[in-house]
Structure formats: structure tokens, C-alpha cells
Amino acid sequence: ERGVSISSNQGSSWHDPQNLNDLSDVKISGFMNGKSLFYAYGSGLYSFSGSSWNMIDTTQIVSLVEGISGRLFMSRQTTDPIEGIGGLYISDNGGNDWQPILTFQNTIDTEYYFLPHCLSSHGGTIVAVQRALAFQTFTDRYFIYCSNDNGTSWHSIETTNSPSFVYYADNVFYLGTYGGGLLRSIDDGTTWI
């Protein structure tokens with residue numbers, strides 16, 4: 001569950017890269033190979049420069065993608081799921097500074113609180129899924145946010161399915177769900193089949 005290991009022989013053996021102990025106690029949930037850096041994310045955001053890991057951010061990061069021109073998009077969650085702020089953030093300088101795109105203030109007084117879910121990108125199109133949980137009934141709602149201009153403007157649709165991942169391959173965005181099957185979008189996230 002914690003740390004980073006590297007294999008150079010197709011997974012037959014694994015080792016801690018350069019005996020880097022700085023990530024040995026960090027929960028890592030994903031990786032992203034960017035245009036200029038390799039990233040690890042989970043309990044924070046880290047970049048690998050070829051010889052060492054550098055901590056960029058300390059918040060809980062659920063998903064990370066890179067758009068065109070090296071622009072980074074992050075779906076993150078506060079450490080306080082009740083009264084914190086979660087949502088989508090953008091960085092134009094390799095993750096050193098983040099600007100909010102879509103943020104949701106979670107409070108015990110509101111009907112819903114939002115949890116970031118998953119991201120995918122292709123070219124200038126970004127697809128993000130957010131989960132909304134109702135306090136009173138503990139029911140879920142899911143919203144798919146799409147941008148076709150590299151994060152400048154966004155539109156959203158609601159889905160009744162519970163998404164597990166979103167992925168782009170062969171000119172199609174795919175949306176996996178828990179118990180709801182596999183959906184696909186051939187129009188950059190506008191409609192799902």
C-alpha cells in the first residue's frame with residue numbers, strides 16, 4: 001500500500017529506486033508519465049527527476065492527467081471530507097501552483113457533499129467525474145464534467161451509474177461503472193452510450 005518500487009525486467013523483480021526512503025511511508029495510488037516529468041500521486045503529489053523524488057503538494061489527490069501544452073489537471077480531496085473543499089484544479093507550471101476550476105465546499109449544513117472521483121484527457125478534452133453524497137438519505141449522485149478547450153469552459157451531465165474509472169482509447173472515452181456496465185462517448189464526453 002505504501003511507497004514506490006521499480007522493475008527493469010518486466011516485473012520479475014522489484015527494487016526501491018535509488019533507495020529512496022522519502023516515499024516509503026507515503027500511500028501512492030497512481031502514476032502519470034507527463035511530457036517532462038514522471039509523477040506519483042495519492043497522499044500528496046511527487047515528481048521524479050531521474051535521480052530523486054520531489055514533493056509538490058501534500059493534499060489527497062485522487063486523479064491526475066495532463067492536457068495539451070503540459071497543463072496538469074488534478075482531482076483532489078481535502079483531508080476533512082465533511083467541512084473541506086474538494087474538486088478540480090489546474091496547474092500551468094508542473095504542479096507547483098494550482099488554481100481551482102470546479103470546487104465544492106462541503107459543510108454539514110448543505111444537502112450534498114462532493115468527492116472527486118476520476119479524470120481522463122485527450123488533447124484539449126478533459127473528462128472528470130464527481131460524486132455527490134446526500135447527508136439526509138446517504139444516496140449518491142454522479143456528475144460528469146467535460147471541457148473541450150483544455151479546461152477553459154466546462155459543461156456537466158448527471159449519470160445514474162456509479163463510475164469506477166474513465167479512460168481514453170481509440171478515439172473513444174470509456175466510463176467503467178460499479179454494476180452499471182461500460183459506457184462510451186464518441187463525442188468527447190457530451191453523450192454516453
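The following dialogue examines how several terms apply to this predicted model.

User: Why is Leu182 called exposed?
Analyst: Leu182 has a relative accessibility of 53%. The term exposed requires a value over 50%, so Leu182 counts as exposed. Leu182 is found in strand β13, which covers residues 182-185.

User: What makes Phe165, Tyr167 and Leu182 a nonpolar surface patch?
Analyst: Such a patch is made of residues with over 30% relative accessible area and no salt bridge, with nonpolar side chains joined within 5 Å. Phe165, Tyr167 and Leu182 make a patch of this kind, with an area of about 340 Å².

User: Why is the set that includes Cys118 and Trp192 called a nonpolar core?
Analyst: A nonpolar core needs buried residues of certain types, among them Val, Tyr and Cys, joined through side-chain atoms within 4.5 Å. The largest such core has 12 residues, including Cys118, Val129, Tyr142, Phe173 and Trp192. The elements that give two or more residues to this core are β8, β9, β11 and β12. The largest share, 3 residues, comes from β9. In soluble globular proteins, nonpolar side chains tend to be buried together.

User: What does it mean to say that Tyr142 is in contact with Val129?
Analyst: Contact requires heavy atoms within 4.5 Å, and Val129 is among the residues that Tyr142 contacts beyond its neighbours within four places in sequence. Others include His117, Ile157 and Pro163.

User: How many helices and strands does the protein have?
Analyst: The secondary structure comes to 0 helices and 13 strands.

User: What percentage of the residues in the protein is buried?
Analyst: Buried residues, those under 20% relative accessible area, make up 45% of the 193 residues.

Definitions and conventions: Residues are numbered from 1 along each chain as its sequence is written. This is a predicted model: local features need pLDDT of at least 70, side-chain atom pairs count only at pLDDT 80 or more; totals for chains, interfaces and linings use all residues. Side-chain values use heavy atoms; hydrogens and water are left out. Buried means under 20% relative accessible area, exposed over 50%, partly exposed in between (1.4 Å probe, protein chains only). Helices (H or I, at least four residues) and strands (E, at least two) are DSSP runs, numbered from the N terminus. Patches are made of residues with over 30% relative accessible area and no salt bridge: like charges are joined within 9 Å, nonpolar side chains (Val, Leu, Ile, Met, Phe, Trp, Tyr) within 5 Å. Accessible areas come from the Shrake-Rupley method with a 1.4 Å probe; for residues, only the protein chains shown count as cover. A salt bridge is a side-chain nitrogen of Lys or Arg within 4 Å of a carboxyl oxygen of Asp or Glu.
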